[in-house]
Amino acid sequence: MSGDPRKIPRVDLPAGTRRDTLAVREGLPASPWGENSEALFLTSSFVQPDAATAARRFANEEEAFIYSRFTNPTVAMFERRLAALEGTEACIAAASGMGAILLLGMGLLKAGDHVICSQSVFGSTVMLFGREFAKFGVETSFVPQTDVAAWRAAVRPNTKLLFAESPTNPLTEVCDIRALAAIASDCGAWLAVDNCFCTPALQRPVEYGAHIVIHSGTKYLDGQGRVIAGALCASQKLIDEKFMPVMRTAGITLSPFSAWVVLKGLETLSIRMEAQSKRALELARWLEARPEIERVYYPGLASHPQHELAMAQQAGSGGAVVSFIVRGAASDPASARAAAFRLIDSTQICSITANLGDTKTTITHPASTSHGRLTEEQRLAAGITQGMVRVAVGLDDVADIQADILRGLLPPADAPRDR
Ligand SMILES: *Cc1c(COP(=O)(O)O)cnc(C)c1O
């Protein structure tokens, strides 16, 4: 255990302990009772030994648990474990993925600052930057995710933050994190990457120069659809100086219960990501060979426009989300939408929900759900058509998912009809 009495001790692990071991062991030492599975501390406040010690702790001269709005042992366990997996010095948990992005903005930006954000990020992220932060005088330019020149051209003297997500939802566009990091470094801005789709099991953005990693713990980190959670990983200095003061005053706090659930989820993260990505690749290859499918979007396929980059950046894996376009009976959007709806409604196993990152495979129609608030022009500009279906592959047997999809596929227009 760490020797400094002014610090909260770490669990005793040998130097060089590897990632899979850290995933099940990194955190705090056990309590005096010696529990093997991490304890859940739901308490709101912590008793101080005496008034002078309490004063030192409140003044940040000594690390200790004080009050669970900003310090809690179960939440700290989750933060330390996720930081270990992402390869960052520190992490701060938030009430949700969006809470983590709110914390990012509140910690780094002030009126008059400028942000460059990929136009293909999560819908609520677009609204947070484009609408909510705009109210406080922060301006955001949205640029095409994969067009590095457009990112560079958008830089202004007051640019403070670049924000990307890779791969994106539902088109699985992959950005070159290293190239964006170079732009950020040239203009003295921070680069934040939402690593929700890959998780540190497949991609660690700081290895490519990102300064901040954002997570929706709701997705793969929990992995079983149980709780809402979020986190922001960064250097100790950024966490201490920029984000902890905001957390302490703004209270975007992750509940210890949710932290405990996600903490236990991290223990199986790498094997889930491996198994779910393997199934997704199998499904994507199968879909690509079906005549009823017009196009498949999956970074693990050689046909994906950023396949090589994705393989290099994502540990040779395409992740577990596959999107595809179903051929309609005719070429109009209404026919495409009818074909997509028919496919979704014919499934008997897949869960019809816009969530992802669950062990249960989910299926959704992006144009009418996650991207339903956009106009048809905005959707088409983003490449999201009415025939598009997104599948977030879980741990179901792929053959069952294939059978599920097959139930709803229209026969191709030029094939003879079954009698
Ligand atoms: C779901 C999601 C978020 C938001 O996370 P919540 O936990 O739902 O607030 C942010 N980014 C991406 C990529 C997501 O998929």
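**The ligand site and the loops of a predicted model**

In this predicted model, the ligand is surrounded by Ser 96, Gly 97, Met 98, Phe 122, Glu 165, Asp 194, Cys 196, Ser 216, Thr 218, Lys 219 and Ala 229. By class, this shell consists of four nonpolar, four polar and three charged residues.

Several members of the shell place an N or O atom close to an oxygen atom of the ligand. From the side chain of Thr 218, an N or O atom is 2.6 Å from a ligand oxygen. For the side chain of Lys 219, the corresponding distance to an oxygen atom of the ligand is 2.7 Å. Met 98 takes part through its backbone, where an N or O atom lies 2.9 Å from a ligand oxygen. On its own the ligand has 380 Å² of accessible area, and the protein covers 91% of this.

Lys 219 deserves separate attention. An unreviewed UniProt entry lists Lys 219 under "modified residue: N6-(pyridoxal phosphate)lysine". In the model, Lys 219 belongs to the loop that runs between β6 (212-216) and β7 (230-234). Is this lysine, Lys 219, buried or exposed? Its relative accessible area is 11%, and Lys 219 is therefore classed as buried, since the limit for that class is under 20%. When neighbours within four places in sequence are set aside, the contacts of Lys 219 are Phe 122, Cys 196, Asn 355, Leu 356 and Gly 357. Of these contacts, Phe 122 and Cys 196 also appear among the residues around the ligand.

A further loop, between β4 (159-165) and α7 (177-187), contains Pro 167. Glu 165, one of the residues around the ligand, has a number that falls in the range of β4 (159-165). Within the loop, the peptide bond between Ser 166 and Pro 167 is cis, with omega of about -10°. Pro 170 is found in the loop between β4 and α7 as well, and a cis peptide bond joins Asn 169 to Pro 170, with omega of about -5°. Thr 172 is also located in the loop between β4 and α7. Although Thr 172 is not a glycine, its phi is positive, at about 55°. Thr 172 is buried because its relative accessible area is 1%.

Another positive phi occurs at Ala 315, a residue other than glycine, where the value is near 55°. Ala 315 sits in the loop between α12 (307-313) and β9 (321-326). With a relative accessibility of 60%, Ala 315 counts as exposed, whereas Thr 172 is buried.

Definitions and conventions: Residues numbered from 1 in each chain as written. Predicted model: local features only at pLDDT ≥ 70, side-chain atom pairs only at ≥ 80, totals over all residues. Heavy atoms only, no water. Near = heavy atom within 4 Å. Polar contact = N/O pair within 3.5 Å; in protein donor to acceptor, adjacent residues only side chain to side chain. Areas by Shrake-Rupley, 256 points an atom, 1.4 Å probe, with all protein chains shown as cover. Nonpolar A, V, L, I, M, F, W, Y, C, P; charged D, E, K, R; others polar. UniProt positions renumbered as here; feature names shortened; annotations may be inferred. Helix = DSSP H or I, 4+ residues; strand = E, 2+ residues; numbered from the N terminus. Buried < 20%, exposed > 50% of the residue type's maximum accessible area, 1.4 Å probe, protein only. Contact = heavy atoms within 4.5 Å.
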